[in-house]
Amino acid sequence: MQLLDALNWRYATKRMTGEVLEQALVDQIIEAARLAPTSSGVQPFHVVAIANPEVKKAIAPIALNQPQIVESSHVLVFASWDYMSPERIEQRFEFIRNHREQAAETYAGMVANLKSLFADLTPEQHYHHTAKQAHIGMGMAIAAAALLGVDATPMEGFDKAALDEYLELDKRGLKSVTLLALGRRDVENDWLLGQKKVRIPKDEFVIEMR
């Protein structure tokens, strides 16, 4: 399946069968998120992969009891850094430099600029930045899932503070951003299945500057 065909095939699946996906498929979807582009290559987010039915059941009330939570094979929680601290910035670039076998001063200017950029921002602004990077990763995961013929439903209707507390994300310096339910569409019970995909026309969507 080509990408555009896959994106036309996918939809925001409302009901899933509970079928457990092959781990290899889930791994590929997560890998797409890991390979996503991020600002300065810092990758300030992580994916929490939840397959345990009891954990999904506990999360359901936090996510407004949307059925995809318990009917999915996996729920991916995209969680981003709560703060772009100087230490985290330094660690990321040390990791990059070591893997590229580059000199210590290679990224000194970029590191200094990033530290300066975030020094005077509020914690909310830090999270706003990192959360946007997590959304890029989620978009890549959705596209990968579509290419693999896996249904993926992005979900932002949940109590972030409650989920963070339940998953103890604060102990890792993380805050939840969005959820992605992975599974198989329930063809008998999903009211949205078969509905025409509606998007605004291209000539309205694209603003040409000539």
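How far apart do the end C-alpha atoms of residues 9-183 lie, and how much of the span is helix and strand? I started here, keeping in mind that this is a predicted model. The two end C-alpha atoms lie 15 Å apart. Helix takes up 48% of the span and strand 17%. I picked this stretch because an unreviewed UniProt entry lists residues 9-183 as "domain: Nitroreductase", and such annotations may be inferred rather than shown by experiment.

**Entry: the whole chain**

Next I zoomed out. I find nine helices and four strands in the chain. Reading along the sequence, I noted the order as α-α-β-α-α-β-α-α-α-β-α-β-α. A box of roughly 60 × 50 × 35 Å, taken along the principal axes, holds the C-alpha atoms.

I then looked at what is hidden. Of the 210 residues, 40% are buried. The accessible surface comes to about 12,300 Å², and carbon and sulfur atoms own 54% of that.

I also checked which parts of the sequence touch. Taking contacts between residues at least 6 apart in sequence, I see that 80% join residues at least 24 apart.

Charges came after that. I have 23 positive and 28 negative ones, and their mean positions are 3 Å apart.

**Entry: salt bridges**

The count comes to eight salt bridges. I looked up three pairs in detail.

Pair one is Arg15 with Glu71, where the closest N and O atoms are 2.6 Å apart. Arg15 sits in the loop between helix H1 (3-9) and helix H2 (23-34), while Glu71 is in helix H4 (residues 68-71). That makes the partners 56 residues apart, so I wrote this down as a link between distant parts of the chain. Arg15 is partly exposed at 28% relative accessibility. Glu71 is at 14%, and buried means under 20%, so Glu71 counts as buried.

Pair two is Arg184 with Glu19, with 3.8 Å between the closest N and O atoms. Arg184 is in the loop between strand E4 (174-183) and helix H9 (202-205), and Glu19 is in the loop between H1 and H2, so this pair ties together parts 165 residues apart in sequence. Both partners come out as partly exposed: Arg184 has a relative accessible area of 23%, and Glu19 has 41%.

Pair three is Glu90 with Lys115, and here the closest N and O atoms are 2.2 Å apart. Glu90 belongs to helix H5 (residues 86-100) and Lys115 to helix H6 (residues 108-119), so the bridge ties together parts 25 residues apart in sequence. I get partly exposed for Glu90, at 39%, and also for Lys115, at 26%.

**Entry: positive phi**

Which residue that is not a glycine has a positive phi of about 60 degrees? I found Leu64. Leu64 is in the loop between helix H3 (53-59) and H4. Is Leu64 buried or exposed? Its relative accessible area is 61%, and exposed means over 50%, so I call Leu64 exposed.

Glu101 went on the page too. Its phi is near 55 degrees, again positive in a residue other than glycine. I located Glu101 in the loop between H5 and H6. With 74% relative accessibility, Glu101 counts as exposed.

Definitions and conventions
Residues are numbered from 1 along each chain as its sequence is written. This is a predicted model: local features need pLDDT of at least 70, side-chain atom pairs count only at pLDDT 80 or more; totals for chains, interfaces and linings use all residues. Side-chain values use heavy atoms; hydrogens and water are left out. Buried means under 20% relative accessible area, exposed over 50%, partly exposed in between (1.4 Å probe, protein chains only). Contact means heavy atoms within 4.5 Å. Accessible areas come from the Shrake-Rupley method with a 1.4 Å probe; for residues, only the protein chains shown count as cover. Lys and Arg count as positive and Asp and Glu as negative; His and the chain ends are not counted. The place of a charge is taken as NZ of Lys, CZ of Arg, CG of Asp or CD of Glu. A salt bridge is a side-chain nitrogen of Lys or Arg within 4 Å of a carboxyl oxygen of Asp or Glu.
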